[in-house]
Amino acid sequence: MANETNFPAITNGFHLMVDALKLNGLDTMYGVAGIPVTDLARLAQAKGIRYIGFHHEQSAGNAAAIAGYLTQKPGICLTVSAPGFLNGMVALANATTNGFPMIQISGSSEREIIDLQQGDYEELDQMNAAKPYTKAAYRVDRTEDIGIGLARAIRAAVSGRPGGVYLDLPAKVLAATLDNNTGARSLVRVVDAAPRQLPAPESVQRALEVLAAAERPLIILGKGAAYAQADADIRAFIEKTGIPFLPMSMAKGLLPDDHPQSAAAARSFVLAQADAVMLIGARLNWLLGHGKSPQWSPAAQFIQLDIAPTEMDSNRAITAPVVGDIASSISALLAILDTKQIRPRSAWLNELAQHKQHNIKGMAAHLAAKPDPMDFYSALGAIKGVLSDKPELFVVNEGANTLDTARNVIDMRLPRKRLDTGTWGVMGVGMGYAIGAAVVSGKPVVAIEGDSAFGFSGMEIETICRYHLPIVTVIFNNGGIYRGDDINHSGGADPSPTVLMKEARYEKLIEAFGGVGYYAADPPGLAKALTDALGSGQPTLINCAIDPTAGTESGHIGNLNPQSSIAQNK
Ligand code: ADP
Ligand code: TZD
Ligand code: MG
């Protein structure tokens, strides 16, 4: 008894951090352990947080980021000081760029030594290094501030436009003790972390007036619309107005790709011809030609629904900005929608239907061809067939030709099921996104990966096997970046900068970890391997032999390459 009164029960930074996460419903952590956070990972696991340990922090961060996108709660990534922190930063910066809520919690070394640059173990001024690449960066300098530090990080990650937040935890702060009561009182449960942001009524009215005056209206859905989880209202607005829609890649499935109003098969036609365009959670960045000619008509009027006021007029004038969260904005639009006033002209719909039909025929011919070896279309045709009655599967996709062709061939029918290279076109997200999606959903994932793209995060197939995740990784092995047939222009023996081993037996990698490997040389072989893999639920890798000459430089964005004279000078 005497002991208890004289020495109040104590807690420390490790415990407080875990308690703060749990108090806010953050129940999963993706990371790599080491000094000074090993015990944080252990303790998190001991106290009921699911800890997924990776080989590389970038993949842990990508898993956290996509978990954030899928759940609207910040995904938590745990990293060690300096190099571990920097490895995770690519994922945190990518999360910020894409608008995914994520918090990277990193241990750090001794402040006094860092600030005088006296050479500590893994010395780096991490918080300041993080600032330019994140939505917010904080450091907790006192153990009693851990609760408030996490609260600030959560709010910054999920409110407004979501993004990546850095939270620095010096080793000393983790180890320092505090009496239990003071510790408990210091924790903060964040209330309404992402409050609704209602649009101004006049902005909603203005948007509908622009649509009512239009003859050739178009709606573009972006991943902000998918993130908002306002699926039913978005669908109702599109169906009630009858306006054709075009999904950006990660918005595919918000309405099914085979929906009669989808304009995806006539993309360049609708961009060029639309006279009023409503952007719902999509930015007019490079992915939409900055909203400029020649892709777009200079006369088109733009309506934009976005939570970020400064997104308006970023690339071209926005006639009707609607600033608010998408769920609130769409519901406000629906509330005063008069469907008699908004009707796309039938000439527009008829022309669109003709273009669609023409392009769909072209695609069917590509898919039906049976080249030997497989090209991107014939391999994807096989995958499309297998996935056609499994809309609940996640599809992760990266590469160049592998990405661009799969985006067009693989139909999505449910929201937030397609996860890809996003705003940066970044390689290396594949295994992290697949793991994050499988962990938060418990659902199977098919990752369609270029052979180059896969290599960036390939070691995480051990992570997939270790956690028994239902992930099928399909590698489109064309022996290189874009193509496998490039030559060394010096005439020397080294391979070209873009060439990888086309004879590589990637399927053997997963066998080393107890997973199942297949080699697929033709579409029936690929379809069978994928069907078996999905039936078994086992971690599987399918190595597909793709014609090394089938791809094009940079896939569908070759126009972005600066011109070089190497071809002429060889
Ligand atoms: P895509 O790449 O699919 O075109 P972007 O990432 O460029 O999509 O754009 C997404 C947009 O959605 C961003 O400008 C972001 O501010 C916005 N956004 C994200 N979440 C919401 C939300 N809940 N409500 C409103 N806008 C949102
Ligand atoms: N590094 C990072 C992080 N992101 C990138 N986008 C690139 C490099 C450059 N890059 C691309 O833009 S696509 C790509 C690279 C290296 C790989 C393309 O090869 P692949 O796909 O095998 O993945 P295809 O099917 O052969 O085109
Ligand atoms: Mg390749």
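## Exercises on a predicted model

In strand β5, Ser 106 is the bridge partner of Thr 79. The model is predicted, and each exercise below works from its atoms.

### Exercise 1. Place the pair Thr 79 and Ser 106 in its sheet

Task: find which strands pair here, in which sense, and where their sheet ends.

Solution.
- Step 1. Start with the two strands. β4 covers residues 75-79 and β5 covers residues 102-108. They pair in the parallel sense over five bridges.
- Step 2. Widen the view to the sheet. It is open, has six strands and runs in the order β3-β2-β4-β5-β7-β6. The pairing is parallel.
- Step 3. Find the edges. They are β3 (50-53) and β6 (136-139). Each has a single partner strand, so one side of each is left without a neighbour in the sheet.
- Step 4. Add the twist. Neighbouring strands of this sheet are turned by 20° against each other on average, direction ignored.

A reminder on pairing: strands of a sheet pair through backbone hydrogen bonds, either parallel or antiparallel.

### Exercise 2. Trace the other six-stranded sheet

Task: give the strand order, the edges and one bridge pair of the sheet that holds β14 to β19 along with β15.

Solution.
- Step 1. Read the order: β15-β14-β16-β17-β19-β18. This sheet is open, with parallel pairing.
- Step 2. Mark the edge strands, β15 (418-420) and β18 (516-520). Each pairs on one side only.
- Step 3. Note the angle. On average, neighbouring strands here are turned by 15° against each other, direction ignored.
- Step 4. Go to β16 (residues 445-450) and β17 (residues 471-477). Six bridges join these parallel strands. Val 446 has Val 472 in β17 as its bridge partner.

### Exercise 3. Work out the magnesium site

Task: which residues coordinate the magnesium ion (ligand 3), and how are they spaced along the chain?

Solution.
- Step 1. List the donors. They are Asp 451 (OD), Asn 478 (OD1) and Gly 480 (O), at 2.1 Å.
- Step 2. Write the spacing along the chain: D-x26-N-x1-G.
- Step 3. Check burial. Asn 478 and Gly 480 are both buried.

### Exercise 4. Describe the surroundings of ligand 2

Task: name the nearest residues, the backbone contacts and the helices that supply the shell of ligand 2.

Solution.
- Step 1. Count the shell. There are 17 residues around ligand 2. Asn 401, Thr 402, Gly 425, Asp 451 and Ala 453 come nearest. Asp 451 also coordinates the magnesium ion.
- Step 2. Take the backbone contacts in turn. A polar backbone atom of Ala 400 is 3.2 Å from an oxygen atom of the ligand. Gly 425 places a backbone N or O atom 2.9 Å from a nitrogen atom of ligand 2. For Gly 480, a backbone N or O atom lies 3.0 Å from a ligand 2 oxygen.
- Step 3. Ask how much is covered. On its own, ligand 2 has 590 Å² of accessible area, and the protein covers 76% of it.
- Step 4. Assign the helices. α18 (401-409) and α20 (451-457) each supply at least two residues of the shell. The largest share, four residues, comes from α20.

### Exercise 5. Do the same for ligand 1

Task: which residues are closest to ligand 1, and which helix gives the most to its shell?

Solution.
- Step 1. 17 residues surround ligand 1. The closest are Arg 161, Lys 223, Arg 283, Asp 306 and Ile 326.
- Step 2. Look at side-chain contacts with ligand oxygen atoms. A polar side-chain atom of Arg 161 lies at 2.7 Å. For Lys 223 the distance is 2.7 Å. For Asp 306 it is 2.5 Å.
- Step 3. Read the burial. Ligand 1 exposes 580 Å² when taken alone, and the protein buries 94% of that.
- Step 4. Helix α12 (residues 223-227) gives the most to this shell, with three residues.
- Step 5. Follow Asp 306 into strand β12 (residues 301-306), which runs parallel to β13 and is joined to β13 by four bridges. Ile 303 has Ala 320 in β13 as its bridge partner.
- Step 6. Compare the faces of β13 (residues 320-323). Ala 320 and Val 322 form the covered face; Pro 321 and Val 323 form the uncovered one.

### Exercise 6. Classify Ser 186

Task: is Ser 186 buried or exposed?

Solution.
- Step 1. Locate Ser 186 in helix α10 (residues 180-186).
- Step 2. Apply the cut-off: buried means under 20% relative accessible area. Ser 186 has 15% relative accessibility, so Ser 186 counts as buried.
- Step 3. Find a partner. The Ser 186 side chain reaches the backbone oxygen of Gly 183 at 2.6 Å.

Definitions and conventions: Residues are numbered from 1 along each chain as its sequence is written. Chains are lettered from A and ligands numbered from 1 in the order in which they are written. This is a predicted model: local features need pLDDT of at least 70, side-chain atom pairs count only at pLDDT 80 or more; totals for chains, interfaces and linings use all residues. Side-chain values use heavy atoms; hydrogens and water are left out. Two strands pair if DSSP finds at least two bridges between them. Axes are lines fitted to C-alpha atoms, for helices over the stretch in contact, and angles run from 0 to 180 degrees between N-to-C directions. Donors are N, O and S atoms within 2.8 Å of the metal (3.2 Å for Na, K and Ca); water is not among the atoms, so sites may look incomplete. Buried means under 20% relative accessible area, exposed over 50%, partly exposed in between (1.4 Å probe, protein chains only). A residue is near a molecule or strand if one of its heavy atoms lies within 4 Å of it. A polar contact is a pair of N or O atoms within 3.5 Å; within protein, one must be able to donate a hydrogen and the other to accept it, and residues adjacent in sequence count only if both atoms are side-chain atoms. Accessible areas come from the Shrake-Rupley method with a 1.4 Å probe; for residues, only the protein chains shown count as cover.
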